[in-house]
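Got the model open? Let's walk through it, one selection at a time.

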Amino acid sequence: MELRQLNYLVTVIEEASFTRAAAKLHVAQPGVSAQIRRLEREVGEPLLDRSGRTVRATEAGLAMLPHARAALDAVAGARASVDELTGLVRGRVAVGAVGLLASVDLPGLLAGFHVRHPAVAIAVSEDSPERLVAGLLTGRFDMVLVGAGTPAEHMATQVVADEALTAIVGPDDPLAGRTSVTVAGLRHRELISLVRGTGLRAGVDAACAAAGFEPRIAIEAGDPRVLVEFVARGLGVALVPESVARVYGAGVRALTVPRAPRARIVLGWRADGPASPAARVLIGEARARLALPGRASADGDRVRR
């Protein structure tokens, strides 16, 4: 009895067709049929009913099916354990992130991971915070980067960016000649901000509430770069992380905000653990590489349930 034969048997039963099974296995159909006949001769019972339009498992085939699956799973698990032990991580990882993360070196993290584990395919997607978290919990993503204010359950997190906000204004704005502005000084100004559910928006809302007013959000955007562009065109004032103003603020004026509110980005993964060895390795490297200076990677970890 060979593992190949068990794999063929399981696939034919799942596909209910020799043709579809062969296509899925990328082998010739006669080879699948021949190997299963050899298996049937060995066990002394027919395992498949070929009399109908679709192929079905016989009672003997159904009895063998869970054992065949268990054997294949055991071999796959053994191979994954050895690969992980020797550093030969394989498979695919999916990462989700909100918009632009000027303060988080995600490209550097993934480039280094690819060099160390070239057999792992990497997929990166941008989406809204809510959809990223939902995708994490349904298995679409192995790891996400979202604002600390994003609601989530059953997600473990680590803070990987913690920045003070700075105010940016257009070159012709009345505040352009100043070097600082308080949050209270923006009470009557129209603000440009990210959408609700982001760490930046949560910081802006909390800061305005602490100053005793509700922010007048004139424009919402999903990308910090868009905020900067709108501000440069004189459409309002924005509170953005210092890194965004530093990297993308060539056409605007940055003002210090005393006792500035903060925006935080968290690395998130499933609280019940990654689904694959490759994801486990990536998350471990991300927690170490993206850990904030002066803070152990475990600091700030928490599980939302």
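Select Arg131 and Thr138: these are exposed residues (over 50% relative accessible area, 1.4 Å probe, protein chains only) on the face of helix H6 turned away from its buried side. This is a predicted model, where local features need pLDDT of at least 70, side-chain atom pairs count only at pLDDT 80 or more, and totals for chains, interfaces and linings use all residues. Numbering runs from 1 along each chain as its sequence is written, and side-chain values use heavy atoms, with hydrogens and water left out.

Now flip H6 (residues 129-138; helices are DSSP runs of H or I, at least four residues, and strands are runs of E, at least two, numbered from the N terminus). Its buried residues (under 20% relative accessible area) are Pro129, Leu132, Val133, Gly135 and Leu136. Look down the axis: they fall within an arc of 160° (taken from the directions from the helix axis to the C-beta atoms), so they line one face. They pack against strands E3 (91-97), E4 (120-126), E5 (143-147), E6 (155-169) and E11 (262-270) (contact: heavy atoms within 4.5 Å). Step just past H6 to Gly139, which has a positive phi of about 95°.

Next, show H1 (residues 3-15) and H3 (residues 29-43): their axes, lines fitted to C-alpha atoms over the stretch in contact, come within 9 Å and cross at roughly 110° (on a scale from 0 to 180 degrees between N-to-C directions). The two are therefore roughly perpendicular (65 to 115 degrees). Among the contact residues are Leu6 and Leu9 of H1 and Val32 and Ile36 of H3.

Last stop: residues 296-300, where pLDDT (the predictor's confidence in each residue, from 0 to 100) stays under 50.

Note on methods. Angles under 35 degrees count as roughly parallel, over 145 as roughly antiparallel, 65 to 115 as roughly perpendicular and the rest as oblique.
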